[in-house]
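Biologist: Please take a close look at the helix packing, and then at the residues with backbone or side-chain details worth checking. Give the cut-offs as you go.

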Amino acid sequence: MVVVNDLSVRFGKRVLFDEVNLKFNTNNCYGIIGANGAGKSTFLKVLTGEMESTSGHISIEKGKRMAVLSQDHFAYDEHPVLHTVMMGHKEMYDIMLEKDELYAKPDFSEEDGIKASELEEKFAEMNGWIAESEAGELLGGLGILTEKHHMLMKDLSNNEKVRVLIAQTLFGSPDILVMDEPTNDLDIETVSWLENFILNFPNLVIVVSHDRHFLDSVCTQIVDIDFNKINQFGGNYTFWYESSQLALRQQQNQNKKAEERKKELQEFIARFSANVKKSKQATSRKKMLDNLNLDEIKPSSRKYPAIIFVQERDAGDQILNVKNLTLAPYFENISFNLTKGDKVFLFSKHSIITSKFYQVLNGEIKPDSGEIEWGITINQAYLPNHNDEYFQSSLSLVDWLRQYSEEKDETFIRGFLGKMLFSGEEALKQCNVLSGGEKVRCMISKLMLANPNFLMLDEPLNHLDLESITAFNNSLKDFKGTAMFTSHDHQFIQSIANRIIEISPNGTVDKKTDYDSYRADNELKIRRSELYKGLELDAI
């Protein structure tokens, strides 16, 4: 359906990728991955015609319609929500406007009638008569309430605009669906809806995402940008990641006999093959395994940060006791007692509620009422959702991190920065020019310096790349202390949490369980629905 021939993109002397040859076939979902700056978004722009390549060309099967997720959240501000969705199928939408304009003419002629008849025929062929109901269905699945369907886009929140633009992209069953970070700003329930939509989507999907669970759920192929090349691999993200890690270990252990290395790789492939659940993935994986050249699996050039939390001391039995904590209008009479080793996923449908709760726990905001009792052995560290206030100065990263360290030696400080991939000259960057991801990595260095036995993490994965997310995930799984965290990353939550606390102004649900079991529990679904009755985001 889409063929890439000898594609190269260069910026001056810098080569992003060179002599790329790929085929994207229908009934597959391709996940584009690569380190930050590797060229994922650039590749999508070239693919969609938004940007010219340096050389080579892209062929798209004649007559196929491509839909691209818009990144401009203000482009449709003066349009009604429902019409914005239908504009995803431009030809159909233009026909609808043209025929409506004809019917509105005061001097409607016989010639106009013939033209209108022709337009009606085309409109019907494009399923135009069910367009409004299809658009409404998509909006409902993405959490946009019916009463908002006829509002202007400018009257929606940014979060809601993102959902409408996703609905626009999905509308009318395009032949080719291209999406850059579609899960940003979506809650897990909506991401799950999008996963199911793509799994049942019969055409071609090409997607960039930092959400590993999403990539694992929907992708039948991984397209990796690395070493200035773009290579395609059968399977999902986890298969690619673990196979590249295995290849790296094998490369480092050259003493192993070729037969042993081959057996290890075959056992790894067999294990993954047995775990395939989705039918689209199963078919793709089977083809990939049948045709796999063992030499094609190579180590990645990615660098993974070393996130290591070392407790200054073990915590005692008393960790944190919260009694009747209230901060109107965010939460009321919240009580719980944490036990040693709890890894708590704290969440709410409205993220401002959890952020305010962390601020109260950390003494940044005084509650209306209630008590917070920390155990005397607890050394807590906090990673806030918004961290700009920490980076207002022009200090170098070494001097910035030194502020939070009892040990002032530069070599010691550089060691913590180096673990987060700030080495050499990078450690002398001014902290007020950092990107969002670099700021979070600095904050993680600060956390590691504190040697905490209790971690509070409010959306810690925001702005991080896949490599940092994977490293953080593995680190928190291995952390021996107690943690409370909030995240939208399904895999992060499921692999770490052993207790779920959901809060709202209407109460709390507190359950010792993993996240998937929590979501699947029908009794809990009823209790959870009570938490948000009568609550509007705008009222919080």
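Modeller: The helix contacts come before the individual residues in what follows.

This is a predicted model, in which local features need pLDDT of at least 70 and side-chain atom pairs count only at pLDDT 80 or more, while totals for chains, interfaces and linings use all residues. Residues are numbered from 1 along each chain as its sequence is written, and side-chain values use heavy atoms, with hydrogens and water left out.

Helices (H or I, at least four residues) and strands (E, at least two) are DSSP runs numbered from the N terminus. Helix α3 (residues 90-103) and helix α4 (residues 110-125) have axes that come within 10 Å and cross at roughly 150 degrees. The axes are lines fitted to C-alpha atoms, for helices over the stretch in contact, and the angles run from 0 to 180 degrees between N-to-C directions. The two helices, α3 and α4, are therefore roughly antiparallel, on a scale where under 35 degrees is roughly parallel, over 145 roughly antiparallel, 65 to 115 roughly perpendicular and the rest oblique. The crossing of α3 and α4 is left-handed; that term applies if the near helix is turned anticlockwise from the far one by less than a right angle, and right-handed applies if clockwise. On the α3 side the contact (heavy atoms within 4.5 Å) involves M92, I95, M96, E98, K99, L102 and Y103, which meet D112, K115, A116, L119, E120, K122 and F123 of α4. By class, this contact of α3 with α4 has eight nonpolar, no polar and six charged residues. Here Ala, Val, Leu, Ile, Met, Phe, Trp, Tyr, Cys and Pro count as nonpolar, Asp, Glu, Lys and Arg as charged, and the others, Gly among them, as polar.

Helix α14 (residues 410-419) packs on helix α15 (residues 436-449) at about 125 degrees, with the axes 9 Å apart. That angle makes α14 oblique to α15, and their crossing is right-handed. F412, F416, L417 and K419 of α14 meet S445, M448 and L449 of α15. The contact of α14 with α15 divides into five nonpolar residues, one polar and one charged.

Among the individual residues, S243 lies in helix α9 (residues 237-252). S243 is buried at 5% relative accessible area; buried means under 20%, exposed over 50% and partly exposed in between, with a 1.4 Å probe and protein chains only. The S243 side chain reaches the backbone oxygen of W240 at 2.9 Å.

W374 is in strand β13 (residues 369-374) and counts as partly exposed at 23% relative accessibility. Neighbours within four places in sequence aside, W374 contacts I319, L320, L361, Q380, F454 and M456.

The backbone remains. Most residues other than glycine have a negative phi, and most peptide bonds are trans. E19, in strand β2 (residues 14-24), has a positive phi of about 50 degrees although it is not a glycine. E19 is exposed, at 52% relative accessibility. D185, in the loop between β6 (176-180) and α7 (188-199), has a positive phi of about 70 degrees and is not a glycine either. D185 is partly exposed at 42%. The peptide bond from A328 to P329 is cis, with omega near 0 degrees, and P329 sits in the loop between β10 (320-327) and β11 (331-338).

Terms used
A polar contact is a pair of N or O atoms within 3.5 Å; within protein, one must be able to donate a hydrogen and the other to accept it, and residues adjacent in sequence count only if both atoms are side-chain atoms.
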